[in-house]
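Biologist: Could you take me through one part of this model up close? I'd like to see how a helix sits against its surroundings, and what holds it there.

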Amino acid sequence: PAEAGGDLAPAARAAAEAAEAGLRATAPLRARRGRASYLGERSVGHEDPGAASTALLQRALADAAARPAG
């Protein structure tokens, strides 16, 4: 955390990269819960929408943290 002497921008960037890697990792998985589970095997090859929204939010945080203050 920033108050503990850390820097938000690198931490936010690392979190965004991890979220995007996690998003890519969902594509080969078969959905077992939620609406996508009704698709069965047809869900394979599609990224998880929840993971996609989380990656988008993390990227927005990283972009905002990288901007100079002011």
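Modeller: Let's go straight to the buried residues of H2, which are Ala51, Ala55 and Ala62. Around the helix axis they cover an arc of only 35 degrees, which puts them on the same side of H2. The general rule behind that pattern is simple: an α-helix has 3.6 residues a turn, so residues three or four places apart point the same way. Keep in mind that this is a predicted model, so read every number here as computed from it.

What does the buried side of H2 pack against? The partner is H1. Turn to the face of H2 that points away from the buried side and you'll find the exposed residues Pro49, Leu56 and Leu57. As for the helix itself, H2 has 18 residues and runs 26 Å from its first C-alpha to its last, close to the 26 Å expected at 1.5 Å a residue.

Have a look at the start of H2 too. There, a side-chain oxygen of Asp48 comes to within 3.1 Å of the backbone nitrogen of Gly50. Asp48 also turns up among the contacts of Thr26, together with His46, Glu47 and Ala51, leaving aside residues up to four places away in sequence. Ala51 you've already met as one of the buried residues of H2. Thr26 belongs to helix H1, which covers residues 8–26, and Thr26 is buried, with a relative accessible area of 17%; the cut-off for buried is under 20%.

Now cross over to H1 and look back. Its buried residues are Ala9, Ala12, Ala16, Ala19, Leu23 and Thr26. Seen down the axis of H1, these residues fall within an arc of 105 degrees, so they line one face of the helix. H2 is part of what covers them. H1 has 19 residues and reaches 27 Å between its first and last C-alpha atoms, close to the 27 Å expected at 1.5 Å a residue.

Beyond the packing, there are charged pairs to check: the structure holds 2 salt bridges. In one of them, Arg59 pairs with Glu20, and the closest N and O atoms are 2.9 Å apart. Arg59 lies in helix H2 (residues 49–66) and Glu20 in helix H1, so this pair ties together parts that are 39 residues apart in sequence. Neither end is buried: Arg59 is partly exposed at a relative accessible area of 25%, and Glu20 is partly exposed at 22%.

Arg59 gives you another handle on how the helices sit. Ala14 is found in helix H1, and its C-alpha atom is separated by 9.6 Å from that of Arg59, 45 residues apart along the chain. Ala14 is partly exposed, with a relative accessible area of 44%.

The other charged pair is Glu41 with Arg30, whose side chains meet in a salt bridge at 3.2 Å, N to O. Both Glu41 and Arg30 sit in the loop between H1 and H2, 11 residues apart. Glu41 is exposed, with a relative accessible area of 57%, while Arg30 is partly exposed at 42%.

So, back to what you asked: the buried residues of H2 pack against H1, and the salt bridge between Arg59 and Glu20 ties the two helices together.

Notes:
Residues numbered from 1 in each chain as written. Predicted model: local features only at pLDDT ≥ 70, side-chain atom pairs only at ≥ 80, totals over all residues. Heavy atoms only, no water. Helix = DSSP H or I, 4+ residues; strand = E, 2+ residues; numbered from the N terminus. Buried < 20%, exposed > 50% of the residue type's maximum accessible area, 1.4 Å probe, protein only. Contact = heavy atoms within 4.5 Å. Salt bridge = Lys/Arg side-chain N within 4 Å of Asp/Glu carboxyl O. Expected span 1.5 Å × (residues − 1). Arc of directions from axis to C-beta. Polar contact = N/O pair within 3.5 Å; in protein donor to acceptor, adjacent residues only side chain to side chain.
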